[in-house]
Amino acid sequence: MERYDIAIIGTGPAGLSAAITAVIRKKRVVLFGSRSLSDKVEKAHTIQNYLGLPSISGQNLQKAFLRHLDEMQIAVTEERVTLVYPMGDYFALQTATNAMYEAESVILATGVVQGKPYAGEEQFLGRGVSYCATCDAPLYRGKTTAVIASNPKEEAEAEFLAEYAEKVYYFPQYDGEVHVADGIEVVHDKPVSVCGDTQVGTLETEQGSYAVDGVFILREAVAPGQLLPGLQTEGGHVKVDRALQTNVPGCFACGDLTGRPYQYIKSAGEGNVAALSAAAYLDGKRRAHKA
Ligand SMILES: Cc1cc2nc3c(=O)[nH]c(=O)nc-3n(C[C@H](O)[C@H](O)[C@H](O)COP(=O)(O)OP(=O)(O)OC[C@H]3O[C@@H](n4cnc5c(N)ncnc54)[C@H](O)[C@@H]3O)c2cc1C
């Protein structure tokens with residue numbers, strides 16, 4: 001398997017800026033996210049404070065970012081990373097399609113996770129709570145499951161799960177029409193808590209209670225501590241030093257993920273610093289190896 005120098009997770013201003021700087025520093029980069037970049041860029045009406053681009057719309061800023069990527073021939077790997085495992089000398093990354101990647105260093109640029117975890121979510125993680133249908137659906141063959149989905153992209157995940165599970169309840173937490181296969185029960189209700197004894201037993205909602213064996217919570221972004229177990233966080237943000245190094249050697253974080261203010265230019269600036277720090281980390285490692 002190819003081992004990259006730097007895996008960058010997130011295609012907002014932080015991740016894009018990190019990718020551009022890392023490529024300029026001649027590092028082999030894999031950039032995970034989407035060519036539609038970040039909703040937080042695309043949906044902004046008019047941006048007044050991005051240096052050199054006064055009164056630019058979010059959509060035009062997105063186009064400018066994409067042009068920059070394309071000019072530098074930086075590809076986006078259209079995958080959502082679900083887990084990062086520190087392996088000592090390198091990192092293994094697992095994606096929602098169960099693909100595996102390897103990189104010597106990692107830059108987390110996943111933005112902030114909206115909303116608090118559901119009550120019981122963390123307690124039952126791995127004991128009936130899952131963040132990835134593609135990874136865990138086979139464990140629920142013949143069972144009853146619930147999918148809590150933050151966006152329409154998760155409809156396909158629910159359909160995949162329904163190929164294994166006996167019953168799937170689908171709780172869309174977004175506006176607009178829902179298109180899922182017949183047999184999946186769509187419930188327009190707000191989940192409140194995941195309950196059970198040693199394993200998940202029920203999903204409690206504002207208006208009811210559903211007996212389930214598993215709850216798939218599918219959000220745009222996974223909380224950083226769940227993405228990389230052992231990562232130090234504080235108030236939902238990743239703890240970093242001025243070089244944007246986290247407590248895990250070789251892992252850097254940038255952008256909204258490291259804390260307020262939530263701003264494009266701060267995110268882009270931190271992406272640049274994180275990439276330079278990752279490059280210095282890799283160069284130092286190679287020098288030590290040669291000595
Ligand atoms: C409506 C609106 C208007 C705004 N206006 C302004 C403004 O005028 N000026 C200003 O400075 N700021 C503004 N902001 C704030 C700005 O959008 C954010 O500070 C900025 O987008 C943060 O960049 P980021 O790269 O850190 O994270 P994000 O832009 O949130 O990007 C993170 C990306 O990572 C992806 N991702 C997350 N997890 C994973 C994973 N596991 N695998 C793969 N990809 C993943 C996400 O899908 C997302 O695309 C505005 C925000 C909003 C919502």
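**Close-ups of a predicted two-domain chain**

Buried residues make up 39% of the 291 residues in the chain (buried: 20 or more other C-beta atoms within 10 Å of a residue's own, with C-beta atoms placed from the backbone; exposed: 12 or fewer; partly exposed: in between). This is a predicted model, so to speak of local features takes a pLDDT of at least 70, side-chain atom pairs count only at pLDDT 80 or more, and totals for chains, interfaces and linings use all residues. Residues are numbered from 1 along each chain as its sequence is written.

**View 1. The whole chain has 7 helices and 18 strands.** Both are DSSP runs numbered from the N terminus (helices: H or I, at least four residues; strands: E, at least two). The C-alpha trace spans about 55 × 50 × 35 Å along its principal axes. Of the contacts between residues at least 6 apart in sequence, 56% join residues at least 24 apart; a contact means C-beta atoms, placed from the backbone, within 7 Å.

**View 2. Domain 1 (3–114 + 221–290) meets domain 2 (129–218).** These bounds come from an automatic or database domain assignment. Domain 1 puts 6 residues into the contact and domain 2 puts in 4. On the domain 1 side, that's 2 nonpolar, 4 polar and no charged residues (nonpolar: Ala, Val, Leu, Ile, Met, Phe, Trp, Tyr, Cys and Pro; charged: Asp, Glu, Lys and Arg; polar: the others, Gly among them). Taken over C-alpha atoms, the domain centres sit 30 Å apart.

**View 3. The ligand has 33 residues around it.** A residue makes the list if its C-beta atom, placed from the backbone, lies within 6 Å of the molecule. Gly10, Gly12, Lys40, Gly111 and Gly255 are the closest. Helices H1 (13–24), H2 (39–42) and H7 (264–290) each chip in at least two shell residues. By class, the shell splits into 16 nonpolar, 12 polar and 5 charged.

**View 4. Helix H5 (residues 154–162) has Glu154, Glu155, Ala158, Leu161 and Ala162 buried.** Looking down the H5 axis, the buried residues fall within an arc of 115 degrees, so they line one face of the helix; the arc is that of the directions from the helix axis to the C-beta atoms. Their cover includes helix H4 (133–136) and strands S9 (144–149), S10 (167–172), S11 (184–186) and S15 (214–218).

**View 5. Cys132 sits in the loop between strand S8 (129–130) and H4.** Cys132 counts as buried because it has 20 C-beta neighbours inside 10 Å. Leaving out residues up to four places away in sequence, Cys132 touches Thr82 and Ala96.

How values were computed. Two residues are in contact if their C-beta atoms, placed from the backbone, lie within 7 Å.
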